[in-house]
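User: I'm new to this, so please pick one part of the structure below and take me through it slowly. I'd like to know how the strands sit together and what they pack against.

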Amino acid sequence: MMYVTRRTHFSAAHRLFNPTFTNEKNEAVFDKCNNPHGHGHNYTLDVTVKGIPDPETGYVIDLKKLRDIIEEHLIDKVDHKHLNFDVDFLQGIIPTAENICLCFWQILEPQITEGTLHCIKLFESENNFVEYFGEPVTIKRYDVSHSTVSIQTL
Ligand code: NI
């Protein structure tokens, strides 16, 4: 088995808060990341695909193809966007790096037809990053429309 990785970058804003928490609890839990008008990050995204290289091409997956899939399905949707407001698939999701990784996985996994998706690694900063290998995890989607909060478990 071999592992190939494509690295991409995007810049985006987000605000971390849980609409079911009080303001005080949101501040206590999320601290500066709870800043009401959000803040930005320059994210680095590493996508790793595993497989056996095709003997005819020597490729697990053509990295140009992988780049195009990542650009079309992920980067174009999030780059220079506010993750709390502008991105359909993140609506109501607390946009931590963990939750972003999970949503990215769900979108990307079915698009990878040569090899299989192995890991999504998202750097929020040089020192903070999350790796996700596709194990089942539960996250929540909070719908705050109509001044009530409904919660969907994903
Ligand atoms: Ni942040």
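Analyst: Let's start with β4 and β5, which run antiparallel and are joined by 4 bridges. Strands and helices here are DSSP runs numbered from the N terminus, with at least two residues (E) for a strand and at least four (H or I) for a helix. Two strands pair if DSSP finds at least two bridges between them. One bridge to look for links L122 with V130 in β5. The two strands form a hairpin, with 5 residues between them.

Before going on, keep in mind that this is a predicted model: local features need pLDDT of at least 70, side-chain atom pairs count only at pLDDT 80 or more, and totals for chains, interfaces and linings use all residues. Residues are numbered from 1 along each chain as its sequence is written, and side-chain values use heavy atoms, leaving out hydrogens and water.

Now turn to another partner of β4. β2 pairs with β4 too, in the antiparallel sense, over 7 bridges. Here V47 stands opposite I120 in β4.

Both of those residues lead us to L108. Skipping neighbours within four places in sequence, L108 is in contact (heavy atoms within 4.5 Å) with V47, I69, I70, L74, L117 and I120.

L108 is also one of the residues that touch the most other members of the largest nonpolar core, along with F10, L45 and F104; that core has 35 residues. A nonpolar core means a set of buried Ala, Val, Leu, Ile, Met, Phe, Trp, Tyr and Cys residues joined through side-chain atoms within 4.5 Å. Buried means under 20% relative accessible area, exposed means over 50%, and partly exposed is in between, using a 1.4 Å probe and protein chains only. Our hairpin strands join in: β4 (116-123) and β5 (129-132) each supply at least two residues of this core, as do β1 (2-14), β2 (39-51), α2 (63-78) and α3 (97-108). The largest share, 8 residues, comes from α3. As a general rule, nonpolar side chains in soluble globular proteins tend to be buried together.

Finally, follow the chain past the hairpin. V137 lies in the loop between β5 and β6 (140-143). V137 counts as partly exposed because its relative accessibility is 43%. Not counting residues up to four places away in sequence, V137 touches L102, Y132 and L154. V137 and L154 are 17 residues apart in sequence, with 8.2 Å between their C-alpha atoms.
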